Each structure stands twice: as structure tokens, then as C-alpha cells.
2 protein chains.
Amino acid sequence: MVRNPERRTALVDAAIEVLARDGARGLTFRAVDAEAGVPKGTASNYFASRGELLAQVSGQIHQRIAPGPDEVAEVMTAPRGRELVTELMGWINRRVSADRTGYLAMLELRLEATRRPELREELTATMRGTLEDDLRFHREGGLPGDRTAVLLMYLAMTGLMLEQLTLPGVVPAEETDGLIAALVDRVIPAG
Amino acid sequence: MVRNPERRTALVDAAIEVLARDGARGLTFRAVDAEAGVPKGTASNYFASRGELLAQVSGQIHQRIAPGPDEVAEVMTAPRGRELVTELMGWINRRVSADRTGYLAMLELRLEATRRPELREELTATMRGTLEDDLRFHREGGLPGDRTAVLLMYLAMTGLMLEQLTLPGVVPAEETDGLIAALVDRVIPAG
DNA sequence: TGTGTAGTACGTTACCCGTAGTGGTTGCAA
DNA sequence: TTGCAACCACTACGGGTAACGTACTACACA
């Protein structure tokens with residue numbers, strides 16, 4: 001098994017690209033080779049199996065999707081209130097548009113997790129972790145809204161994400177900002 | 001091109017099953033043949049291409065997912081109010097659990113639509129139609145909650161659906177009923 | 001008896017996969 | 001500086017699989 005960290009991450013990045021563009025069906029070692037611009041057979045040398053490739057994709061995609069810490073810090077200079085929460089949600093939304101590839105690959109992974117117990121466990125643990133981080137961030141950051149509110153926002157944003165990524169014509173893009181504002185407004189209890 | 005309606009729907013049903021179980025990757029004419037218990041090559045005779053197969057799956061899956069009219073009528077005997085809306089949402093949720101296969105296939109179709117403009121258009125039109133039906137049903141049925149409320153519930157239920165289908169461990173099953181109740185309670189404006 | 005569909009069998013095609021083999025680069029030691 | 005050893009990129013090949021479509025036969029029904 002060859003170990004060249006740069007090349008390995010390059011291959012995994014290529015795999016993410018292929019996954020988003022061609023779907024699970026198009027994700028083959030050869031396709032990864034081609035996408036990464038490396039000779040045929042290279043992916044074979046770096047990953048023992050398709051499952052291992054997916055596992056590494058799963059590990060890398062979170063880093064790709066996760067926000068940079070300074071990015072968050074910048075937004076969080078504003079006073080705590082519903083407006084700030086709205087801003088955060090809109091920011092998530094824009095992030096999905098900006099990195100369609102990453103989020104689409106994530107969706108493909110979710111579907112794949114349906115059939116791969118190990119992948120499912122890993123993805124579940126990570127997603128659960130980030131959700132708990134969100135909850136803690138919200139609570140300790142002094143943002144308005146209880147635990148239930150955060151969970152509801154999480155679900156609605158997940159749904160919005162799915163819609164935008166797969167069938168953008170169903171919920172018109174012009175409405176999304178208004179919907180996000182209404183979501184925050186209604187879901188966070190007054191007080 | 002052979003035309004035997006029964007067999008055709010049987011094949012499409014088999015394709016839905018394969019799509020949910022093995023994903024887009026596993027959806028081949030041969031796999032459909034095997035799943036439907038018909039001789040190899042049959043699917044080839046019934047569908048000119050993979051795209052045509054997917055188109056027919058898309059046409060049939062909506063009927064499979066759509067509720068029977070009497071089912072709705074039965075629930076709608078209750079007095080109009082938040083409780084009834086909660087009941088309806090819980091019913092959607094149970095429906096997803098009961099027909100995992102159908103909804104998983106639907107998810108696979110959404111992802112596939114990412115790469116197939118024709119499929120995307122058709123799916124978008126249908127989904128948009130059912131969403132507008134929902135909105136009309138809600139309005140004309142005298143249920144509480146404005147248009148925004150229905151859209152927000154749609155998004156949250158979509159998110160919940162995705163979570164349950166792909167990573168059921170992230171949002172614990174014990175919480176879902178409470179979340180649905182809270183969703184309805186908060187999203188529908190008082191009045 | 002003729003048309004159309006079910007079932008069988010087959011050949012072609014297209015990838016996909018892994019690996020053996022080669023050459024080049026780097027690092028270390030004499 | 002030179003020689004050696006390890007590692008990795010790259011090429012090329014061969015095996016294998018499975019998917020696909022179709023020609024062919026059998027049968028039912030009009």
C-alpha cells in the first residue's frame with residue numbers, strides 16, 4: 001500500500017468530485033484516476049477496496065464542509081438575537097450553493113451508507129457530533145432558542161438543502177430567504 | 001417494443017425495489033430481470049434505454065407514495081385544529097417508515113435527476129404539483145396555518161425523512177414525535 | 001394459420017481491476 | 001562524491017466479469 005499523503009488527499013478529492021458529478025454509479029477507481037489526472041491503476045494502489053475509498057471520502061468531506069473557525073468568529077461579532085440566527089441560517093444556505101459538489105457528494109454518501117453498515121456508523125457518529133456541537137454552540141453562545149428550536153431548524157435546513165440540491169425548481173429560490181427568516185422567527189420561542 | 005401493461009408495471013416495481021436496495025449503481029436491466037423473476041433480456045425488450053426505465057420509475061413511484069383518497073378522508077373526520085395537523089404530520093412520518101423502499105427509491109431518483117435534465121424536469125413538475133396540492137388542501141380544508149407554515153412544515157418533514165432514511169441514529173427515533181408536535185405548534189401562528 | 005409475446009441461448013462489447021515490470025528520485029552511508 | 005537501497009510514479013498487460021441486445025424457438029390466442 002503506497003503512502004503519499006498529498007496524492008492520497010488529491011485522489012480523495014477527485015473521488016468527491018466524481019461522486020457528485022456522476023453519482024455512485026460512476027465512482028470507479030478508473031474514474032478517480034482520470035479525474036485526478038494520474039495514471040490508470042493509481043487508485044488501486046492507494047485504496048484496497050471501494051469501501052476503503054468511501055471511508056476516506058467520508059473522513060475528508062467533513063473537513064471540506066465544516067466552516068473555518070475564523071469565518072464563524074467574524075459573524076459572531078454581532079449582538080445575539082434572532083437576526084443573528086437568521087444570518088447564520090442564511091450563511092448555511094449560501095454555503096450549500098457555493099459548494100454544491102461537496103454537499104452533493106455528502107448526499108451520495110448518505111445513500112451509500114444505507115447499504116454499508118460501517119460507513120453508516122461512521123457517518124452517524126460524525127453527523128451526531130456536529131449536531132451536538134451546533135447545540136452546544138447555540139447554548140453557550142447565548143443565542144436565542146431552546147434545544148427543540150435548534151433541532152427544528154436543523155431539520156428544516158436539511159430539507160431545504162435537499163430541495164435546492166436536487167430539485168431547485170420546487171421551492172423557488174426567491175422564497176428561500178423569506179422562508180429562512182420565517183423559520184427562525186416562528187421556531188424560536190418568544191422571550 | 002413489447003407492450004404488456006401488467007408486465008411493464010411489474011418490471012418497474014422491480015426496478016424500484018432494486019433502486020432502493022442496491023442504489024443507482026445496482027440498477028441494471030439484468031438486476032431488474034432477476035428481481036422481477038423474468039428471463040434475462042426482458043427488461044431490454046421493454047425499455048429502450050436506462051433513461052426510459054428511470055422515466056417510467058419516476059411516473060410510477062408517485063402513485064406508490066401518494067396516499068389513497070379514503071385514507072385521507074378517514075383522518076379528516078376530526079375537528080380542524082393543530083392536533084389534526086400534528087396527526088397528519090405523524091402520519092407522513094409513519095408512512096415513510098412503512099414504505100422505506102418507495103421513499104429511498106425516490107431519493108435515488110432525486111440524485112439521478114441531478115444528471116438527467118429530462119428526469120429533473122419531470123420530477124420537479126410532479127413534486128411542485130403535489131406541494132401545491134398540499135397547500136390547496138390545507139387552505140381549502142380549513143386547517144390552521146398559513147402558506148408559510150405549510151412550506152416550513154414541508155421542509156422540516158423533508159429533512160426528517162432524509163435523516164430517518166439514511167442516518168436514523170442522528171435524530172433519535174424517540175424524539176421524532178415530540179419534534180413533530182413542536183414543529184406544528186411553533187410554526188403555525190396563533191389565532 | 002398468422003401475429004405477437006414469453007422464454008432460451010448466445011456472441012459481442014465494454015470496462016474494470018489489479019499487478020508485474022520499469023525507470024526515476026531521494027536519502028543515507030561509506 | 002559515489003554507490004546503494006527504498007520508495008514511488010508510470011506503462012502496459014491480461015484476466016475476468018457482467019451487462020447488453022438479439023437471434024431463435026415455443027406457445028397462446030385470435
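Me: Which residue forms a salt bridge with Glu163(B)?
Reply: First, a caution: this is a predicted model. In it, Glu163(B) pairs with Arg110(A), and the closest N and O atoms are 2.7 Å apart. Glu163(B) sits in helix 9 of chain B and Arg110(A) in helix 7 (residues 100-113) of chain A, so this salt bridge joins two chains.

Me: Is Glu163(B) buried or exposed?
Reply: Compare the relative accessibility with the cut-off: under 20% is buried. Glu163(B) has 1%, so Glu163(B) is buried. Its partner Arg110(A) has 3%, so Arg110(A) is buried too.

Me: Where do Glu175(A) and Arg147(B) lie?
Reply: These two form a salt bridge, with the closest N and O atoms 2.5 Å apart. Glu175(A) belongs to helix 10 (residues 173-187) of chain A, and Arg147(B) to helix 9 of chain B, so this pair also joins two chains. Now the accessibility. Glu175(A) is partly exposed at 25%. Arg147(B) is partly exposed at 45%.

Me: How many salt bridges does a search of the whole structure find?
Reply: The count is 30 over all chains. Some charged residues form a network. One such group links Glu108(A), Glu112(B), Arg115(B) and Arg116(B).

Me: Why do residues three or four places apart in an α-helix point the same way?
Reply: An α-helix has 3.6 residues a turn, so such residues share a direction. Now a case from helix 8 of chain B. Arg128(B) and Glu132(B) are 4 residues apart there, about one turn of the helix. Their side chains meet in a salt bridge at 3.5 Å, N to O. Arg128(B) is partly exposed at 30% relative accessibility. Glu132(B) is partly exposed at 36%.

Me: What span should helix 8 of chain B have at 1.5 Å a residue?
Reply: Helix 8 of chain B covers residues 117-140, which is 24 residues, and should span 34 Å. The end C-alpha atoms are 34 Å apart, so the two values agree. After the helix comes Gly142(B), with a positive phi near 75°.

Me: Which residues of helix 8 of chain B are buried?
Reply: Look for the pattern along the helix. The buried set is Leu119(B), Leu123(B), Thr124(B), Met127(B), Leu131(B), Leu135(B) and His138(B).

Me: What covers the buried residues of helix 8 of chain B?
Reply: The cover includes four helices of chain B: helix 4 (50-65), helix 6 (82-98), helix 7 (100-113) and helix 9 (147-166).

Me: How are two packed helices described?
Reply: Use two values: the angle between the axes and the distance between the axes. Take helix 1 (residues 5-26) and helix 7 of chain B. They pack at about 65°, with axes 8 Å apart. The crossing of helix 1 past helix 7 in chain B is left-handed.

Me: Which residues of helix 1 of chain B meet helix 7 of chain B?
Reply: From helix 1 of chain B come Ile16(B), Glu17(B), Leu19(B), Ala20(B), Gly23(B) and Ala24(B). On the helix 7 side are Thr101(B), Leu104(B), Ala105(B), Glu108(B), Leu109(B) and Glu112(B). Glu112(B) also belongs to the salt-bridge network with Glu108(A).

Me: Which residues of chain A does UniProt list for "domain: HTH tetR-type"?
Reply: The unreviewed UniProt entry gives residues 5-65 of chain A. Check the annotation against the model. That span is 84% helix and 0% strand, and its end C-alpha atoms lie 20 Å apart. UniProt also lists residues 28-47 of chain A as "DNA-binding region", again from an unreviewed entry. Residues 28-47 of chain A are 65% helix and 0% strand, with end C-alpha atoms 11 Å apart.

Notes. Residues are numbered from 1 along each chain as its sequence is written. Chains are lettered from A and ligands numbered from 1 in the order in which they are written. This is a predicted model: local features need pLDDT of at least 70, side-chain atom pairs count only at pLDDT 80 or more; totals for chains, interfaces and linings use all residues. Side-chain values use heavy atoms; hydrogens and water are left out. The expected span of a helix is 1.5 Å times one less than its number of residues. Buried means under 20% relative accessible area, exposed over 50%, partly exposed in between (1.4 Å probe, protein chains only). Contact means heavy atoms within 4.5 Å. UniProt positions are given in the numbering used here, feature names are shortened, and annotations may be inferred rather than shown by experiment. A salt bridge is a side-chain nitrogen of Lys or Arg within 4 Å of a carboxyl oxygen of Asp or Glu. Axes are lines fitted to C-alpha atoms, for helices over the stretch in contact, and angles run from 0 to 180 degrees between N-to-C directions. A crossing is left-handed if the near helix is turned anticlockwise from the far one by less than a right angle, and right-handed if clockwise.
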